Amino acid sequence: KKEKFQLYISTAISGIFITMFISSLVTYLALTDLSIFFDVWPKNWFYASLVAFPAILFVRPLAIKIQANLAVLFINNHS
């Protein structure tokens, strides 16, 4: 239970911070009128956060498997 809780909390924190930075940059670059940035960005950030949490939970195990396979290939080819 503790590991699952830690996984969900770390995923939520990661998702919140990552989406904050990415959505602010993308919103900034997309707007021609920067005076509306703080009217538009929070909504973009909210939607990005909703997508990020399940996406991170889904992608994380795949990323771990890919990383493990790449590590084996890299170590076998360079040892």
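In the predicted model, F37 and W41 share helix α2, which spans residues 37-77, and they are separated along it by 4 residues, or about one turn of the helix. The ring centres of these two residues lie 5.7 Å apart and the ring planes meet at 15°, so the pair is classed as stacked, the angle being under the 30 degrees that bounds this category. Both F37 and W41 are buried; for W41 the relative accessibility is 13%, and this residue counts as buried because the value falls under 20%.

The arrangement continues along the helix from W41 to W45, which form a further aromatic pair, again stacked, with 5.0 Å from centre to centre and 10° between the planes. W41 and W45 are likewise placed in helix α2 at a spacing of 4 residues, about one turn of the helix. W41 thus takes part in the pair with F37 and in the pair with W45. The burial of W45, however, is not that of W41: W45 has a relative accessible area of 23% and is therefore partly exposed, a class that begins where the buried range, under 20%, ends. Together with F38, the residues F37, W41 and W45 make up one aromatic cluster, and the structure as a whole holds 6 aromatic pairs.

Part of this cluster is also in contact with helix α1, in which T27 lies. When residues up to four places away in sequence are set aside, T27 touches F37, V40, W41 and N44, so that both members of the F37 and W41 stacked pair are among the contacts of this threonine. The relative accessibility of T27 is 4%, and T27 accordingly counts as buried.

A second threonine of helix α1, T11, is buried as well, with a relative accessible area of 3%. With residues up to four places away in sequence again excluded, T11 touches F53, I56 and L57. Q6, by contrast, is a position of helix α1 (residues 2-30) that counts as partly exposed, because its relative accessibility of 43% lies between the limits of 20% for buried and 50% for exposed residues. The C-alpha atom of Q6 is separated by 22 Å from that of I66, a residue 60 positions away along the chain.

At the level of the whole chain, the secondary structure consists of 2 helices and 0 strands. Among contacts in the chain with a separation of 6 or more, 58% are accounted for by residues 24 or more positions apart. The radius of gyration of the chain is 18 Å, whereas a compact globule of 79 residues would have a value near 12 Å. Taken along the principal axes, the box filled by the C-alpha atoms has dimensions of roughly 55 × 35 × 15 Å. Of the 79 residues, 11% count as buried, a class to which T11, T27, F37 and W41 belong. The chain exposes an area of about 6,500 Å², of which 73% is supplied by carbon and sulfur atoms.

Definitions and conventions:
Residues numbered from 1 in each chain as written. Predicted model: local features only at pLDDT ≥ 70, side-chain atom pairs only at ≥ 80, totals over all residues. Heavy atoms only, no water. Buried < 20%, exposed > 50% of the residue type's maximum accessible area, 1.4 Å probe, protein only. Contact = heavy atoms within 4.5 Å. Phe/Tyr/Trp six-rings, centres within 6.5 Å; stacked < 30°, edge-to-face > 60°. Rg over C-alpha atoms; globule rule 2.2 N^0.38 Å. Areas by Shrake-Rupley, 256 points an atom, 1.4 Å probe, with all protein chains shown as cover.
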